[in-house]
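Q: Please take a close look at one sheet in this predicted model. I would like a connected account of its strands and of the helices that pack on it.

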Amino acid sequence: MSDDYLSRIGNLIRDARKHRGWTQTQLAEVLNTSQSAVNRIEKGHQNLTLEMLARIGEALDSEIVSLGGGPVHLRVAGGRQLSGSIDVKSSKNAGVALLCASLLNKGRTTLRKVARIEEVNRLLEVLNSIGVKTTWLNDAGDLEIVPPARLDLSSMDAEAAGRTRSIIMFLGPLLHREDSFELPYAGGCDLGTRTVEPHMTALRPFGLSVKATGGVYHALVNRTIAPGKPIVLTERGDTVTENAIMAAARHDGVTVIRNASPNYMVQDLCFYLDLLGVKIDGIGTTSLTVHGKADIDVDVDYAPSEDPIEAMSLLTAAIVTKSELTIRRAPVEFLEIELAVLEEMGLDYDRSPEYLAENGRTRLVDLTTRPSKLHAPIDKIHPMPFPGLNLDNLPFFAAIAATATGQTLIHDWVYENRAIYLTDLNKLGGRVKLLDPHRVMVEGPTHFSGTEMMCPPALRPAVVTLIAMMAAKGTSVLRSVYVINRGYEDLATRLNSLGAQIETFRDI
């Protein structure tokens, strides 16, 4: 966009805002951005995507700037190598857990560099609807959260709640605030049926019972019930563990949680709770001892650590485009198995000495990749609970294996149907054979060719498809990419800064 064009658009936005009677700060809050960003937009000093113009038009109810609210698509000019360096953003999964955990605290929570993704936006809409005040403090993504004295759960934004899986993590914090409450069914990725029963195993010892009818979880709390023995989780799930920890955090006593997930987002939650005065022994292991506090009223400032899944996404993009790229601030503790597998496959890369994240606990490194001739691994690639290969990183190996010589068996044993979406790589010229709902055989090397297709409805397979399009010869179109925006902030723009050519557009 030219400077003159941006200035004219900025004037239109300013006039529409004033006509509505809003300040720049009010518009910024609706857009989940900062007042300074709105000021730059109105002065014509900031480039605008079609998606942002559509959001502004919808917020101001202005046909002048509205380009329609249809789905967002990506047009990818493939076959371009990447170069330069890029910082890994803060963890999406830690961010959403900390938003839920902020309900435990009566005081002010300030979270640093929160990922501005759709999953976070949906949770903020839910929190705002029940009376929590959330404010973006600056363009860096610092977020202030101030809870009310009393939550208004009857006003909960059901539509926003139903579009995020994370809403299930309200159970742990709310059971200490309410004797009874309702939550909409958890939404999010289409990854098959995920029962709430593992969560109930974690929360029944605190007196919580839940009945699911009519698209709503009806929760009831019996205050006479408290944990009398260690809680053994039947599923070592991340959100299940987080729910158990949050319930234990406000329980006035000591709670032992066994078979707990020690994954990255769980550790971030524990580090945050430590600032709230909740002592937790065993962080990073499968056995946690939580010393709870019945009342928590503390003003805290916490910086969630970097996202190992985004780091793996960027690493995969570098590998399949045969690029030399430096990925800075990668949380190596949660990537060590992935890197070991890639080394076995022949990846040529450098790793910097370790240094600490802003939380003072998480170990980071800088990774520099070089174009490499990869070969299939001897054994199958499969996920395991931390410290094994991360479940969310598994799909990226489908794109990587497609560029390697030989056959690679990928076993996604957790989700009922996520592996099926990996066969979408065949539309780009891949050779991915579905053996059963959990296993695919990938044969390489593949020479991807551009095509037009719908975005897979699951987050990681969707990004795998986008990365394959970046490596493909010719132009590709990936339609309806909301699911990518749910888990990544400005992914196309950031990849373009490294030399990719990805255009965001809508059907106008």
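A: The account below begins with the strands of the sheet, proceeds to the helices on it, and then follows one of those helices to a further contact.

The model is a predicted one. The sheet in question is open and has four strands, arranged in the order β21-β22-β1-β23 with mixed pairing. Strands β21 (452-454) and β23 (502-506) occupy the edges; each has a single partner strand, and therefore one side of each is left without a neighbour in the sheet. Between neighbouring strands of this sheet there is an average turn of 20°, direction ignored.

In general, strands of a sheet pair through backbone hydrogen bonds, in either a parallel or an antiparallel manner. At the β21 edge, the pairing with β22 (residues 475-479) is parallel and comprises three bridges. Within this pair, M454 of β21 is positioned opposite R479 in β22.

Two helices may be described in relation to this sheet. Helix α4 (residues 50-60) packs on the sheet through β1 (72-77) and β23, both of which it touches, and the direction of α4 makes about 30° with that of β23. Helix α16 (residues 459-471) lies across β1, β21, β22 and β23, and runs at about 165° to β22.

Helix α4 also has a helical partner. In general, a pair of packed helices is described by the angle between their axes and by the distance between the axes. For α4 and helix α2 (residues 24-31), the axes come within 10 Å and cross at roughly 115°. This crossing of α2 and α4 is right-handed. On the α2 side, the contact is made by L27, V30 and L31, while α4 contributes R55, I56, A59 and L60. By residue class, the contact of α2 with α4 consists of six nonpolar residues and one charged residue, with no polar ones.

A further helix, α3 (residues 35-42), contains S36. With a relative accessibility of 31%, S36 counts as partly exposed, because this class lies between the limits of 20% and 50%. The side chain of S36 makes a polar contact with the side chain of S34, at 3.1 Å. S36 also stands 9.6 Å from L137, C-alpha to C-alpha, although 101 residues separate S36 and L137 in sequence.

To return to the sheet, β21 and β23 are the strands at its edges, and helix α16 lies across β1, β21, β22 and β23. Helix α4 touches β1 and β23, and the crossing of α4 with α2 is right-handed.

Technical notes. Residues numbered from 1 in each chain as written. Predicted model: local features only at pLDDT ≥ 70, side-chain atom pairs only at ≥ 80, totals over all residues. Heavy atoms only, no water. Pairing = 2+ DSSP bridges. Axes fitted to C-alpha atoms, helices over the stretch in contact; angles between N-to-C directions. Contact = heavy atoms within 4.5 Å. Buried < 20%, exposed > 50% of the residue type's maximum accessible area, 1.4 Å probe, protein only. Polar contact = N/O pair within 3.5 Å; in protein donor to acceptor, adjacent residues only side chain to side chain. Left-handed = near helix turned anticlockwise from the far one by under 90°. Nonpolar A, V, L, I, M, F, W, Y, C, P; charged D, E, K, R; others polar.
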